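Visitor: Please take me through this model and set each label against the definition behind it.

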Amino acid sequence: MVLFSLLMMTNCSSDNGSSASSKKIELSQSQVELIEDFVSQGFLEIDASLNKVHIDNSLWSGMKASLKEDFSYCLSIYVGNKKGTQLYWCNIYDMYSGKRLAKYSKSWGFKVY
């Protein structure tokens with residue numbers, strides 16, 4: 001059920017391919033609710049002030065690479081909008097080990113460690 005919910009996030013962007021870094025990007029209400037539901041269920045911990053996301057490893061390891069990239073992009077939008085900077089990036093860490101798993105930046109793209 002969790003992975004099915006994540007599949008709903010594959011179309012996170014509503015920026016229409018714009019490269020303007022100062023343009024605000026919005027998630028749909030259902031995407032925001034899904035992220036906040038993952039937080040309330042304990043699958044995610046988000047510290048927008050530090051652009052940090054901690055994710056439950058069972059959730060992360062169950063995703064294909066393309067879904068990890070899409071989900072990371074959504075998380076970067078969520079963090080940037082929560083922080084109010086319109087700078088869309090985040091670092092993603094394993095919730096239990098603290099190991100850095102990935103990063104996503106609107107400017108630099110996606111990287112898995």
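Visitor: What makes β3 and β4 a pair, and in which sense do they run?

Guide: Two strands pair if DSSP finds at least two bridges between them, and β3 and β4 have five bridges in the antiparallel sense, so the criterion is met. One of the bridges sets Asn91 against Lys103 in β4. The two strands form a hairpin with five residues between them, and Gly98 in the turn has a positive phi of about 80°.

Visitor: How do you know how far to trust the coordinates?

Guide: This is a predicted model, in which local features need pLDDT of at least 70 and side-chain atom pairs count only at pLDDT 80 or more, while totals for chains, interfaces and linings use all residues. Residues are numbered from 1 along each chain as its sequence is written, and side-chain values use heavy atoms, with hydrogens and water left out. The protein chain averages a pLDDT (the predictor's confidence in each residue, from 0 to 100) of 87, and 81% of the residues score at least 70.

Visitor: Why are β1 and β5 said to stand at the edges of the sheet?

Guide: The open sheet has the order β1-β2-β3-β4-β5, with mixed pairing. β1 (44-47) and β5 (109-112) each have a single partner strand, so one side of each is left without a neighbour in the sheet. For β1, four bridges lead to the antiparallel β2 (residues 52-55), where Ile46 stands opposite Val53.

Visitor: Why is β3 called mostly covered?

Guide: Buried means under 20% relative accessible area, with exposed over 50% and partly exposed in between (1.4 Å probe, protein chains only); five of the six residues of β3 are buried, so the description follows.
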